[in-house]
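Work through these exercises with the structure open beside you. Try each task before you read its solution.

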Amino acid sequence: MPSYEVSSIATVVGGHTQVLDDYQGGVRSIIRFNDEYPLETLQGIEEFSHLTVVWRFHRARPEDVQLHARSPRGDARWPATGTFVHRNHRRPNQLAISFPRLLDVDGRDLHVTDLDAVDGTPVLDLAPYFQQMGPRGPIRQPAWPGEMLAPTYWSNASERP
């Protein structure tokens, strides 16, 4: 199986300090681009409201990977689903994709909110979110993701009990 070497282009600064499942909303952080990238690599990004950010679960360990079916969050109310049906650090490459809102651009610093990564997270890739590149056609999913995420995932972090 081929492998690929990928280097981070930026780092998350500030924002969440702990890895937690819920209350991800309302937290501001900075995506700070590495100095090796000229400022013009970000030219025009301020025109967009949202970004597509690929990042690595840098606090995860290789032994966290679980290649079997399991109930989301270990909750038996939800059906056991395979490794590639979950969106967490237990997948082989321990990568995530998020769609934070871009608030401001200051040099190599992109100020964002609603990025569910923690301080120090390496960013592997970033692009503006193009509405036309989003899902086409009706979206279909089982009930459990909404049951698991809708109540509190994007609730404001300041409301955490």
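**Exercise 1. Find the volume and the lining of the second largest pocket.**

Step 1. Start with the volume: the second largest pocket holds about 320 Å³ of space. This is a predicted model, where local features need pLDDT of at least 70, side-chain atom pairs count only at pLDDT 80 or more, and totals for chains, interfaces and linings use all residues. Residues are numbered from 1 along each chain as its sequence is written, and side-chain values use heavy atoms, with hydrogens and water left out.

Step 2. Fix the terms. On a 1 Å grid over the protein atoms alone, a pocket is an open set of points where a 1.4 Å probe fits, with protein on both sides within 12 Å along at least five of seven lines; lining residues have an atom within 4 Å of a point. The volume is the space filled by probe spheres set on the points, which are joined across faces, edges and corners.

Step 3. List the lining: M1, P2, S3, Y4, V6, V54, R56, N93, L95, L124 and D125. Both β3 and β7 give two or more residues to it. Strands here are DSSP runs (E, at least two residues), helices are runs of H or I with at least four, and both are numbered from the N terminus.

Step 4. Sort the lining: seven residues are nonpolar, two polar and two charged. Ala, Val, Leu, Ile, Met, Phe, Trp, Tyr, Cys and Pro count as nonpolar, Asp, Glu, Lys and Arg as charged, and the others, Gly among them, as polar.

**Exercise 2. Describe the largest pocket.**

Step 1. Its space is about 1300 Å³. Of its 41 lining residues, R87, N88, D116, L149 and Y153 are the closest to the centre.

Step 2. Helix α1 (144-149) gives the most to this lining, with five residues. β3 and β4 (95-98) each supply at least two.

Step 3. Now look at N88, in the loop between β3 and β4. N88 is buried, at 18% relative accessibility (buried is under 20%, exposed over 50%, partly exposed in between; 1.4 Å probe, protein chains only). Beyond its neighbours within four places in sequence, N88 is in contact (heavy atoms within 4.5 Å) with F57 and R70.

**Exercise 3. Trace the partners of β7 (residues 122-128).**

Step 1. Two strands pair if DSSP finds at least two bridges between them. β1 (residues 10-13) runs antiparallel to β7, joined by two bridges. Here A10 partners V123.

Step 2. β3 (residues 51-56) also pairs with β7 in the antiparallel sense, over five bridges. Here L51 partners P128.

Step 3. Turn to the largest nonpolar core (buried Ala, Val, Leu, Ile, Met, Phe, Trp, Tyr and Cys residues joined through side-chain atoms within 4.5 Å). The core has 20 residues, and I31, F33, L51, L110 and L126 have the most contacts inside it. β3 gives the most, with three residues.

Step 4. Check L126. Leaving out residues up to four places away in sequence, L126 touches I9, I31, F33, I45, L51, T52, V53 and L110.

**Exercise 4. Compare the settings of Q94 and D114.**

Step 1. Recall the background: most residues other than glycine have a negative phi.

Step 2. Q94 is not a glycine, yet its phi is positive, about 50°. Q94 sits in the loop between β3 and β4. Q94 is buried, with a relative accessible area of 3%.

Step 3. D114 is not a glycine either, and its phi is about 65°. D114 lies in the loop between β6 and β7. D114 counts as partly exposed, at 21% relative accessibility.
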